Amino acid sequence: MSWWNRFSSQAAPGTLDRIMKRKRAEIEAFTPTATSPNPAPRDFVGALLQRPSGRPVSVIAEVKRKSPSGGAFPHTDVVAVARAYEAAGASAISVLTDGPDFGGAMGDLVAVRAAVSVPVLRKDFLVSAYEVERSGQFGADAVLLIADALEDSELREMLDAARESRVAALVEAHTEAHAERALAAGAELVGINNRDLATLKTDVGTALRVMPGLRSRARVLVAESGLKSVTDLIAAREAGADAVLVGESLLRDAEPGRALARLLGEDGPQP
Ligand SMILES: O=P(O)(O)OC[C@@H](O)[C@@H](O)c1c[nH]c2ccccc12
């Protein structure tokens, strides 16, 4: 890396910092709506632990219209893609609800949940217990919490809110230190993100290095980001993953459902 690149990447605020600033400003303007009863939650943990036979791991398949690292994806009908994922064997669907950076909306979560019967994860940059509760009211069976971006006290409050709302919480970390913070705060489901959300650089070795040290203490381990092949899934399984979270490599395909079937090793009838 040249001195200029090193200088400019240090000088520029990281992507995660930029998004979290926006999210923390948004929450102030967030007006509570009338609360509706939480619909019967679907069992996210059970879905990830019941690995269908013959598959290396359970897959949480993600829908998003764009991303800061990947640009725009060719599919805009996230409901159709979610249906195709379910038909191809996804154990759960991850729905990006952030608008500015991922082209999503809460309406996508509601529409996807109505269209599939597997559990649905709300993927966003949540900053408060109130948003966790509200996610459940909109039908999220699980929420993502990003340990690297939250204080310990926030993480605890949000985990409490998730338990009260009967919403599963997948706590994501990019480093071993943040994964330890997640466990200390009481997280049972831990995701290791191969992508550094500050620099957007992805190293699929990250989860493989960090997961073995967490295996005995996490109920569910998920390897996240940058996964493309059956080999990647087998490596994740061998490092202790129960599930993987995959978006981009499926969304780049003309047929994301077929791409998922291939990833699960089901490329048509076996001889
Ligand atoms: O599209 P990919 O590289 O397969 O990655 C999916 C998912 O892991 C990624 O979208 C993600 C992981 N953690 C996040 C936090 C916020 C936004 C997005 C993410």
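This is a short talk on the predicted model of a protein with a bound ligand.

Hi everyone, and thanks for coming. Please keep in mind throughout that we are looking at a predicted model. Let me begin with how confident the predictor is. The mean pLDDT of the protein is 91, and 89% of its residues reach 70 or more. For the complex, the predictor gives an ipTM of 0.98 and a pTM of 0.92. There is one stretch to treat with care: over residues 1-11, pLDDT stays under 50, and the model has two contacts beyond four places in sequence for that stretch. Where pLDDT is low, the predicted coordinates should not be read in detail.

Now the overall picture. The protein has 271 residues, and buried residues make up 45% of them. Its secondary structure comes to twelve helices and ten strands. If we take contacts between residues at least 6 apart in sequence, 67% of them join residues at least 24 apart.

So what do the strands build? Eight of them close into a barrel, with parallel pairing, and the order is S1-S4-S5-S6-S7-S8-S9-S10. Ignoring direction, neighbouring strands of this sheet are turned by 25° against each other on average.

Let's walk around part of that barrel. Strand S4, residues 92-96, pairs with S5 in the parallel sense over four bridges. In that pairing, Leu96 stands opposite Lys123 of S5. Strand S5 itself covers residues 120-123, and both of its faces are covered: Val120 and Arg122 are buried on one side, Leu121 and Lys123 on the other. For those of you who like charged side chains, notice that Arg122 and Lys123 are both on that buried list.

Moving on to strand S6, residues 142-146, we find five bridges to S7, again parallel. Here Leu144 is the residue opposite Leu170 in S7.

Why do I call S7 largely enclosed by the rest of the structure? Because six of its six residues are buried. They cover both faces, with Ala168, Leu170 and Glu172 on one side and Ala169, Val171 and Ala173 on the other.

Then come S8 and S9. Strand S8, residues 189-193, runs parallel to strand S9, residues 220-224, and five bridges join the two. One partnership to look for on your screens is Ile192, whose bridge partner in S9 is Ala223.

Before the ligand, a residue from a helix. Phe44 sits in helix H3, which covers residues 44-49. Is Phe44 buried or exposed? Phe44 counts as buried, because it has 26 C-beta neighbours inside 10 Å, and the cut-off for buried is 20 or more. Setting aside neighbours within four places in sequence, Phe44 is in contact with Ala92, Pro119, Leu121, Asp141, Ala142 and Ala168. Some of those names are familiar from our walk: Leu121 belongs to S5, and Ala168 to S7.

For contrast, take Ala177 in helix H8, residues 176-184. Ala177 is exposed, because 12 other C-beta atoms lie within 10 Å, and exposed means 12 or fewer. Ala177 and Ala147 are 30 residues apart in sequence, yet their C-alpha atoms are 9.8 Å apart in space.

Two loop residues deserve a look for their backbone angles. Arg166 has a positive phi, near 55°, in a residue other than glycine. Arg166 lies in the loop between helix H7 (152-165) and strand S7 (168-173), and it is exposed, with 11 other C-beta atoms within 10 Å. Leu200 also has a positive phi, about 70°, although it is not a glycine. You will find Leu200 in the loop between S8 and helix H9 (205-210), where it is partly exposed, with 14 other C-beta atoms within 10 Å.

Last stop, the ligand. How many residues surround the ligand? There are 14, and the closest are Glu224, Ser225, Leu245, Gly247 and Glu248. Strand S10 (243-246) and helix H11 (248-251) are the elements that give two or more residues to this shell. By type, the shell divides into four nonpolar, five polar and five charged residues. Glu224, one of the closest residues, also falls within S9, residues 220-224.

To finish, three things to take back to the bench: the closed barrel of eight strands, the enclosed strand S7, and the shell of 14 residues around the ligand. Thanks for listening!

Technical notes
Residues numbered from 1 in each chain as written. Predicted model: local features only at pLDDT ≥ 70, side-chain atom pairs only at ≥ 80, totals over all residues. Near = placed C-beta within 6 Å. Nonpolar A, V, L, I, M, F, W, Y, C, P; charged D, E, K, R; others polar. Pairing = 2+ DSSP bridges. Axes fitted to C-alpha atoms, helices over the stretch in contact; angles between N-to-C directions. pLDDT = per-residue confidence, 0-100. Contact = placed C-beta atoms within 7 Å.
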